[in-house]
Amino acid sequence: MTRPTTRLDCEALDRADPLAAMRDAFHLPGGVVYLDGNSLGPLPKATAARVREVVEEEWGVGLIRSWNDAGWFDKPRTLGDRLASMIGAGPGEVVVCDSTSVNLFKVVVAAAQLRPGRSVVVSDRDNFPTDLYMIEGATGLLEGYDRRLTSPDGPSLADVLDEDVAMVVLTHVDYRTGHMHDLTAVTEQVQRAGALMVWDLAHSAGAVPVDLNGAGADFAVGCTYKYLNGGPGSPAFVFAATRHQDQVSQPLSGWHGHARPFAFVPAYEAAEGISRFLCGTPPLLSYAGLEASLEMWAGVDLATVREKSLALTSLFMDLVGQQCAEWGLEVVTPREPDLRGSQVSLRHQEGYAVVQALIERGVIGDFRAPDLMRFGFTPLYLGFAEVWDAVTALRDVLEHEEWRAERFHRRASVT
Ligand SMILES: Cc1ncc(COP(=O)(O)O)c(C=O)c1O
């Protein structure tokens, strides 16, 4: 793809874009450049109809019969199998359920059983906080466990891996910087040290090609409301490699993970396979939203998505370098394609206010404390000309110091 240097070049790229038609699959409000699909994906047009069908037909008419007739009971597995192909997992290795946080709790306790005699869980200080909190919560219930944290300033993964480490829990694409780990190399490094590898794919699923089984990963979790467009709070997923499934139990031993949930026996007996990672009754209206979006994703080639994503993020970084250099923005996302996911983060001391000023202009990104502006690039509905317009808006906000207005400094609960 040649480097565009004008808005007309960007428009030409949009006309040649093999994914251009996908934009029509989304409801996108006019006057908005949406650069926050890495936080909450926009609404697919098919979603409302599917949710309405579940409400009016499956619930309204089918009533309790829909647990069997509409496949409600199996939804965590059927949607899990659909999602599996997007992350390099096989059938029966993924279930859709609960939240990423809850699934990580289950996985940490389950994985610990596979490494008796080892009592350290490694993660990174900059990992998404819920991962660190859930590791803390899970290991707090396991006797004698410690948490060891790596950090960009050291210690490194190589420094902390030893015969005490049971598992390493890392987020594949960093939520703040957009830095992407080499999934295969890190998995190999961890397993060579005798530990298990647990990946958080929150910023990877639907954003970059992922091959969990190709890498030999042990466990993974992730959410579906970002790049997968499942809707606010849509259910998360959990992957357990087939080789581990019947060797572990997870601590949230609810009836949907029971071998015979409708036998109503007093003692828990884990279901075979990935079903043992389920807990309670699935929120089926949320599953309907995810189902509609996964149907939309079914015909999409992730290699094409990745190619366009890299072109969009490169363009954004180039234009920021050309048009905004004098305002001291630091691009914290790696320039090397293999090292970044599908977002670009810029450091600016007044990042919060700059993002608010951009949002008022219809360019929606978000902010992560202390000073990072995050912009997500989602090839299914974002065009090159929009990237051009976003950088033009950013330059205006900085040049005219629009961000100084008092209203842009009022902190909302969600940033
Ligand atoms: C890496 C990562 N893990 C987990 C979560 C959130 O988990 P949950 O869906 O349980 O709130 C996020 C949310 O942005 C995230 O970025």
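**Exercise 1. Overall make-up**

How many helices and strands are there in the protein chain? Describe the overall dimensions and burial as well.

*Solution.* The model is predicted. Its protein chain holds 14 helices and 15 strands. For the dimensions, start from the length: for 415 residues, a compact globule would have a radius of gyration near 22 Å, and the chain has 22 Å, which agrees. Along the principal axes, the C-alpha atoms fill a box of roughly 70 × 60 × 40 Å. Next, take burial: 56% of the 415 residues are buried. The accessible surface of the chain is about 17,400 Å², of which carbon and sulfur atoms supply 53%. Finally, consider the contacts with a separation of 6 or more: 73% of them are between residues 24 or more positions apart.

**Exercise 2. A four-stranded sheet**

Determine the strand order of the sheet that contains β15, and state which strands stand at its edges.

*Solution.* The sheet is open, with 4 strands in the order β11-β12-β15-β14 and antiparallel pairing. β11 (330–331) and β14 (366–368) each have a single partner strand, so these two stand at the edges, and one side of each is left without a neighbour in the sheet.

Now work through the pairings of β15. Strand β12 (residues 343–347) is joined to β15 by 5 bridges, and the two run antiparallel. Within this pairing, Gln 343 has Gly 376 as its bridge partner. With β14, strand β15 (residues 372–376) shares 3 bridges, again antiparallel. Here Asp 366 stands opposite Arg 374. β14 and β15 also form a hairpin, with 3 residues between them.

**Exercise 3. Burial of β15**

Is β15 enclosed or open to the outside? Treat its two faces separately.

*Solution.* Begin with a rule: in a regular strand the side chains alternate between the two faces of the sheet. In β15, one side carries Leu 372, Arg 374 and Gly 376, while Met 373 and Phe 375 are on the other. Residues on both sides are buried, and both faces are covered. The count is 5 buried residues of 5, so β15 is largely enclosed by the rest of the structure.

**Exercise 4. Two loop residues**

Compare the locations, burial classes and contacts of Ser 151 and Trp 255, setting aside neighbours within four places in sequence.

*Solution.* Ser 151 is placed in the loop between β6 (146–150) and α7 (157–160). Its relative accessibility is 10%; buried means under 20%, so Ser 151 falls in that class. Its contacts are Asp 124 and Arg 125.

Trp 255 belongs to the loop between α10 (242–245) and α11. With a relative accessible area of 36%, Trp 255 is partly exposed. Its contacts are Pro 261, Phe 262, Phe 264, Cys 279, Gly 280 and Thr 281. For a distance along and across the chain, take Gly 299: it is 44 residues from Trp 255 in sequence, and their C-alpha atoms are separated by 35 Å.

**Exercise 5. A nonpolar surface patch**

Which residues form a nonpolar patch on the surface, and where does Leu 285 lie?

*Solution.* The patch consists of Trp 59, Leu 63, Ile 64 and Leu 285, whose accessible area together is about 450 Å². Leu 285 is part of helix α11 (residues 284–297). Its relative accessible area is 40%, and Leu 285 is therefore partly exposed. This value also satisfies the patch cut-off of over 30%.

Methods. Residues are numbered from 1 along each chain as its sequence is written. This is a predicted model: local features need pLDDT of at least 70, side-chain atom pairs count only at pLDDT 80 or more; totals for chains, interfaces and linings use all residues. Side-chain values use heavy atoms; hydrogens and water are left out. Patches are made of residues with over 30% relative accessible area and no salt bridge: like charges are joined within 9 Å, nonpolar side chains (Val, Leu, Ile, Met, Phe, Trp, Tyr) within 5 Å. Accessible areas come from the Shrake-Rupley method with a 1.4 Å probe; for residues, only the protein chains shown count as cover. A salt bridge is a side-chain nitrogen of Lys or Arg within 4 Å of a carboxyl oxygen of Asp or Glu. Buried means under 20% relative accessible area, exposed over 50%, partly exposed in between (1.4 Å probe, protein chains only). The radius of gyration is taken over C-alpha atoms; the globule rule is 2.2 Å times the number of residues to the power 0.38. Contact means heavy atoms within 4.5 Å. Two strands pair if DSSP finds at least two bridges between them.
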